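User: Please examine the structure that follows and explain the reasoning behind each term applied to it.

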Amino acid sequence: EESARQARSTSEIARLQAALDEARSERQLALDEHRLRMDKSEQQLAFAAQVADHHYEEEHQRIAKIEARMLMAEHSEAAIAKALEKELCEQRSQSMASVDAARRSLEE
């Protein structure tokens, strides 16, 4: 009877040890899967951050190009305005000279 009880005890211990090993294995598997998901999430976040940085840099460059074009347009407008003002002054001078010449010829 003692021997049978010891055999049952040994069998129960072996069964419990096998269940414990299986639970540990399942736990380790779950931890490994969790780590893989976390690694994948971290990689996805890192990739998303790189993409966002790239888009930010592209947008920054696009804005810089637009600002440069606006500055060039402002300089062009200023140059055009200056040229028109010079032309207007020349036209006035010519008109005044014509009027003066006409006045002188009338006075003579």
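Analyst: A residue counts as buried under 20% relative accessible area, as exposed over 50%, and as partly exposed in between. The model discussed here is predicted. At 46% relative accessibility, Arg35 falls in the intermediate class and is therefore partly exposed.

User: What makes the contact between Arg35 and Asp32 a salt bridge?

Analyst: The term requires a side-chain nitrogen of Lys or Arg within 4 Å of a carboxyl oxygen of Asp or Glu. In the pair Arg35 and Asp32 the closest N and O atoms are 3.4 Å apart, so the criterion is met. Both residues belong to helix 1, where they are 3 residues apart, about one turn of the helix. Asp32 has a relative accessible area of 34% and is likewise partly exposed.

User: How do you know that Glu2 and Arg5 form a salt bridge, and what separates them along the helix?

Analyst: The closest N and O atoms of Glu2 and Arg5 lie 2.2 Å apart, and the cut-off is 4 Å, so the pair qualifies. Helix 1 covers residues 2-107, and Glu2 and Arg5 are 3 residues apart within it, which means that about one helical turn separates them. With relative accessible areas of 46% for Glu2 and 47% for Arg5, each of the two is classed as partly exposed.

User: Why is the pair Glu59 and Arg62 called a salt bridge?

Analyst: The closest N and O atoms of Glu59 and Arg62 are 2.5 Å apart; the limit is 4 Å, so the term applies. These residues are also 3 residues apart in helix 1, separated by about one helical turn. Glu59, at 34% relative accessible area, is partly exposed, and so is Arg62, at 43%. Side chains of opposite charge can pair when their charged atoms come close. The structure holds 5 salt bridges, including the three pairs described here.

User: How many positive and negative side chains does the protein chain have, and how far apart are the centres of the two sets?

Analyst: The protein chain carries 16 positive and 23 negative side chains. The centres of these two sets lie 3 Å apart.

User: Why is the protein chain called more spread out than a compact globule?

Analyst: The protein chain has 1 helix and 0 strands. Its radius of gyration is 46 Å, whereas the globule rule gives 13 Å for 108 residues; the value is well over that figure, so the chain is more spread out than a compact globule. The C-alpha trace spans about 155 × 10 × 5 Å along its principal axes. As an illustration, the C-alpha atoms of Ser25 and Ser76 are separated by 75 Å, with their positions 51 residues apart along the chain.

User: Which class of accessibility applies to Ser25, and what share of the chain is buried?

Analyst: Ser25, which lies in helix 1, has a relative accessible area of 45% and is therefore partly exposed. Buried residues make up 0% of the 108 residues in the protein chain. The chain exposes about 10200 Å², of which carbon and sulfur atoms supply 57%.

Methods: Residues are numbered from 1 along each chain as its sequence is written. This is a predicted model: local features need pLDDT of at least 70, side-chain atom pairs count only at pLDDT 80 or more; totals for chains, interfaces and linings use all residues. Side-chain values use heavy atoms; hydrogens and water are left out. Helices (H or I, at least four residues) and strands (E, at least two) are DSSP runs, numbered from the N terminus. The radius of gyration is taken over C-alpha atoms; the globule rule is 2.2 Å times the number of residues to the power 0.38. Buried means under 20% relative accessible area, exposed over 50%, partly exposed in between (1.4 Å probe, protein chains only). Accessible areas come from the Shrake-Rupley method with a 1.4 Å probe; for residues, only the protein chains shown count as cover. Lys and Arg count as positive and Asp and Glu as negative; His and the chain ends are not counted. The place of a charge is taken as NZ of Lys, CZ of Arg, CG of Asp or CD of Glu.
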